[in-house]
Amino acid sequence: MDLRLVFLGTAGATPTVDRGSPATLIARGGERILVDCGEGTQRQLMRSVGLAHVDTILLTHLHGDHYLGLPGFLKTLSLAGREEPLQLFGPSGLYELLRDVERIIGRPRFPFLVEEARPGTVYEMPDYAVKAVATEHGMPGLAWCLEERTRAGMFHPEKAV
């Protein structure tokens, strides 16, 4: 399985000329998982891989530098006519944040699944699982683990020799 990480933003709370706010794209086969969505994430997506079709967004915690790009990203997806569902998982407080965002940008025009995860939550996908683990960063947060299912491989003893 093709797996690629694209670091879209690696700065801290304040972006710099060379580094944007936190965001990482996991490209796994044809799937796209966005971890955090700091300010400027859309621009970094367009500069690196194009405004990628994102299936899932995982937020680690609710400090602004990790989610302030989300309202604009959701609005852009609506304006682009997205029809595919989008999953958004994050820590406690996510529902309230999105209610505030909705008042500003309106409701997304595409199916939108939102879930507040707790440490120990596991989201089962067809070929892998995404697990939430507790973190502490001035506020409760989540680390995310993508764990692929065991799959049979092919071992060639003659090539190993």
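Strands here are runs of at least two residues that DSSP labels E, numbered from the N terminus, and two of them count as a pair if DSSP finds at least two bridges between them. With that in hand, the sheet is a good place to start. The model is a predicted one, and in it six strands line up in the order 1-2-3-4-5-6 to make an open sheet with mixed pairing. Strand 1 (3-9) and strand 6 (112-116) sit at the edges with a single partner strand each, so one side of each has no neighbour in the sheet. On average, neighbouring strands are turned by 15° against each other, direction ignored.

Now for the pairings. Strand 1 and strand 2 run antiparallel and are joined by six bridges; in one of these, Arg4 has Ala27 of strand 2 as its partner. Strand 2 and strand 3 are antiparallel too, with five bridges, and Thr24 stands opposite Val35 in strand 3. The hairpin of strand 2 and strand 3 has two residues between the strands, and in this hairpin Gly29 takes a positive phi near 60°. Strand 3 (residues 31-35) and strand 4 (residues 56-58), on the other hand, run parallel and share three bridges. Val35 turns up again here, with Leu58 as its bridge partner in strand 4.

Strand 2 is worth a closer look. Six of its six residues are buried, so the strand is largely enclosed by the rest of the structure. In a regular strand, side chains alternate between the two faces of the sheet. Both faces of strand 2 are covered, with Ala23, Leu25 and Ala27 buried on one side and Thr24, Ile26 and Arg28 buried on the other.

Helices lie over the strands as well. Helix 1 (residues 41-48) lies across strand 1, strand 2 and strand 3, at about 130° to strand 1. Helix 2 (residues 70-79) lies across strand 3, strand 4, strand 5 and strand 6, and runs at about 170° to strand 5.

What about the nonpolar residues? The largest nonpolar core has 26 residues, and those touching the most other members are Leu25, Leu34, Ile57, Leu59, Leu70, Phe73 and Leu88. Two or more residues each come from strand 1, strand 2, helix 2, strand 5 and helix 3 (94-105). Helix 3 gives the most, with five residues. Leaving out residues up to four places away in sequence, Ile57 touches Leu34, Leu70, Phe73, Leu86, Gln87, Leu88 and Phe89. There is also a second, separate core of 13 residues, with Leu58, Ala117, Val130 and Ala132 among them.

Notes
Residues are numbered from 1 along each chain as its sequence is written. This is a predicted model: local features need pLDDT of at least 70, side-chain atom pairs count only at pLDDT 80 or more; totals for chains, interfaces and linings use all residues. Side-chain values use heavy atoms; hydrogens and water are left out. Helices (H or I, at least four residues) and strands (E, at least two) are DSSP runs, numbered from the N terminus. Axes are lines fitted to C-alpha atoms, for helices over the stretch in contact, and angles run from 0 to 180 degrees between N-to-C directions. Contact means heavy atoms within 4.5 Å. Buried means under 20% relative accessible area, exposed over 50%, partly exposed in between (1.4 Å probe, protein chains only). A nonpolar core is a set of buried Ala, Val, Leu, Ile, Met, Phe, Trp, Tyr and Cys residues joined through side-chain atoms within 4.5 Å.
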